[in-house]
Each structure stands twice: as structure tokens, then as C-alpha cells.
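New to this protein? Here is a relaxed walk through its main features, with the model on screen to follow along.

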Amino acid sequence: MKKSLLVLTMLTAGITVQAADDSRVRSGLMEVQSAQSQTQILFNEVTTPQQKERVRYINQKLAQAENYLQQALNLPTNPPHQGQNVEFFRSDSCSSELVGVVNPTTDCNRFSLTEKVWAIRVNGQCQDIDDTTAQNACRMYQNAGNTEAVKVYKSDSCGDSLSGIFSSYTNCDTLSDSGNSAWAIMVGSQCKNIADTTLKKSCIAFKAINSPRAVKFYHSDSCSDELVAAVDRNTNCESLVGLGKVWAVEINGQCQDISDLEIVPACQRFKP
């Protein structure tokens, strides 16, 4: 009996240590993934080929670290850029005339300002888009292969009229800032109605929406409609100017009605 209790005690202690170790590894994995997002943003901001190669090298090392940590947790691992390539077609059905292939690190300036793109294909799925130039298509859809990509629609139901796609990797300044082409966003499998804005401003407003600690702002007392922005610790609150008033905030999944505020002071007050 004593021997059985001793064995049980040892097993329980082992499980406790394993759980603690897993918790540390998961924390490390989250930090590595956060660093990956920042290096991709940096990649879009640096200007010289030498700088880009250095950032690319750092990102590759972070991807290797991510795989090691995923293996330690017995999670499925992915090679760098798996599922990241996006194919452009001058065909609404992606059946002919391949124009080019892009991913988040593609230099969009290499594409023509006159050649047209009618549809994109990501992971074997074809998506008809508003006809645009190859260069614009690159800027709007090069992040479509990212698993955390946010799709932007000129439709409150996300049913049609795809306007663009962005992720935490996107340089929002390259996107269009004219016309109210952003009416709703698709995050994962959820369609969220947003205050109508431009593609560029929607990118700025919701770039952080997949962050685990994102704080969401609504033009609705019940957090049920008109999502205005989602921010994390990396958000520049001043960049949100002009996005409208905030009536409620969602923190850790809990909705809190607040005194109405403009978006910038609301961001400054509730930013994590």
C-alpha cells in the first residue's frame, strides 16, 4: 500500500512538473510568434537589400525556434511560409493566364501597373476579386496565405465584394485610402460588421485583432455592432484618429459600457 502511494505521489509530481514546463514552453512560443510578426513588419519598412536579407535571416531563425517549441508541445509544425503563396490570374475562375505568385515578402514594385488580375487562388481555393493591376493586387492580397489574415469586404455580411486582405505583416500605408471599401471584416470564420472606412484605415484599425490580448472598441453599448478598432501594446493610438467614437470596450471577452470617447483617448486609456 505504501509503495503504491509512493508511486502515485511520484507520478503526480511528474505531471505537475510537466504542466509547469509546458506552460513555460507555450509562453516562449507566444513570444517567438510575436517576434515573428514584428520582424515581418520591419521587413516591409527597411529599404536596402542588405537590411532585408538580415531581417529575412532573423525571421528564418525564429521560424526554426517556433518549430522546436511546437515539437516540444507535440503540436503540428509548419515549414517556413507553408500556405503563404498566393497565385494571381487574369481569369475569374483561376483556370488560365497565371499572372504571378506572391507571398508576404514579395517586392510588389516588380509587378506591372498595367497588367490586370481578376482572381486569386490561396491553398487551392479560387476567389474572384474586383479587377485591378498586378501591383495593386500584390499590395492588397500578398498576405492572403497567412492563417491569421483578415479579409475586408464592401458588404456588411462578408458575402461578396472582397476589397483586400491584410495581416499583422502588412504595411498599411501601401493600401488604398480612398472610398469606403471596408464595411465588414472576416476574422477566422466570423464576419464582423465595422464602421465603414477605407481599406488602409481598416488595416490600421484591425491589424492587432488576432493578438491574444487585443482590446476591442465598439460604437455600440453592448459590443454587438460596429466594431471600431482592436488594439494591442504595439498599437500607435494616434494612428487611429478619425475612426469615430467608442461606446463600449471588450477586454478579455467581457463587454464594458463606457462614457462615450473618441477613439484616440479610448485607445490611450484602455490599451493593454
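The report below starts with the overall picture, then moves to a sheet, the disulfides and one serine.

## The overall picture

First things first: what you see is a predicted model. The protein has 272 residues, and 41% of them count as buried. Its secondary structure comes to five helices and twelve strands.

The accessible surface adds up to about 14900 Å², with 49% of that belonging to carbon and sulfur atoms. How much of the contact list comes from residues 24 or more positions apart? Taking the contacts with a separation of 6 or more, such pairs account for 53%.

## A sheet of four strands

Now zoom in on one open sheet. Four strands build it, in the order E2-E1-E3-E4, and their pairing is antiparallel. At the edges stand E2 (98-102) and E4 (125-133); each has a single partner strand, so one side of each is left without a neighbour in the sheet. Going from one strand to the next, the twist averages 25 degrees. As a bit of background, strands of a sheet pair through backbone hydrogen bonds, either parallel or antiparallel.

E3, which covers residues 116-122, pairs with E4 over six bridges in the antiparallel sense. Want to find the pairing on screen? Look for Ile-120, which stands opposite Gln-127 in E4, and for Ala-119, which stands opposite Asp-128 in E4. The hairpin of E3 and E4 has two residues between the strands, and Asn-123 takes a positive phi near 50 degrees there.

## A helix across the strands

The sheet has a helix for company. Helix H3, made of residues 134-141, lies across strand E1 (86-89) as well as E2, E3 and E4. Relative to E4, H3 runs at about 130 degrees.

## Six disulfides

How many disulfides does a search of the whole structure find? The count is six. For anyone who needs a reminder, a disulfide is a covalent bond between the sulfur atoms of two cysteines. If you count the bonded cysteines along the chain, the links follow the pattern 1-3, 2-4, 5-7, 6-8, 9-11, 10-12.

Let's look at three of these links, one by one. Cys-94 is joined to Cys-126, with 2.1 Å from S to S. This link is right-handed, with 80 degrees about the S-S bond. Cys-94 sits in the loop between E1 and E2 while Cys-126 belongs to strand E4, so the pair ties together parts that are 32 residues apart in sequence. Are the two partners buried or exposed? Cys-94 counts as buried because its relative accessibility is 6%, a value under the 20% cut-off. Cys-126 comes out at 35% and counts as partly exposed.

## Two more links, further along

The second link in this tour joins Cys-158 to Cys-191, with an S to S distance of 2.1 Å. It is right-handed too, with 80 degrees about the S-S bond. Cys-158 lies in the loop between strand E5 (150-153) and strand E6 (162-166), and Cys-191 lies in strand E8 (residues 190-197), so to speak a link between distant parts of the chain, 33 residues apart. Cys-158 is buried at 7% relative accessible area, whereas Cys-191 is partly exposed at 34%.

Another disulfide connects Cys-223 and Cys-255, again with 2.1 Å from S to S. Here the angle about the S-S bond is 85 degrees, and the link is right-handed. Where do the two ends sit? Cys-223 is in the loop between strand E9 (215-218) and strand E10 (227-231), and Cys-255 is in strand E12 (residues 254-262), 32 residues apart. Cys-223 counts as buried at 12% relative accessibility, and Cys-255 counts as partly exposed at 32%.

## One serine to finish

Back to the loop between E1 and E2, where Ser-91 has its place. Ser-91 is buried, with 7% relative accessible area. Which side chain does the side chain of Ser-91 meet in a polar contact? The partner is Ser-95, at 3.2 Å. Leaving aside residues up to four places away in sequence, Ser-91 touches Ser-96, Trp-118 and Ala-119. You have met Ala-119 already: this residue stands opposite Asp-128 in E4.

Note on methods
Residues are numbered from 1 along each chain as its sequence is written. This is a predicted model: local features need pLDDT of at least 70, side-chain atom pairs count only at pLDDT 80 or more; totals for chains, interfaces and linings use all residues. Side-chain values use heavy atoms; hydrogens and water are left out. Two strands pair if DSSP finds at least two bridges between them. Axes are lines fitted to C-alpha atoms, for helices over the stretch in contact, and angles run from 0 to 180 degrees between N-to-C directions. Contact means heavy atoms within 4.5 Å. A disulfide is a pair of cysteine sulfur atoms within 2.5 Å. Buried means under 20% relative accessible area, exposed over 50%, partly exposed in between (1.4 Å probe, protein chains only). Accessible areas come from the Shrake-Rupley method with a 1.4 Å probe; for residues, only the protein chains shown count as cover. A polar contact is a pair of N or O atoms within 3.5 Å; within protein, one must be able to donate a hydrogen and the other to accept it, and residues adjacent in sequence count only if both atoms are side-chain atoms.
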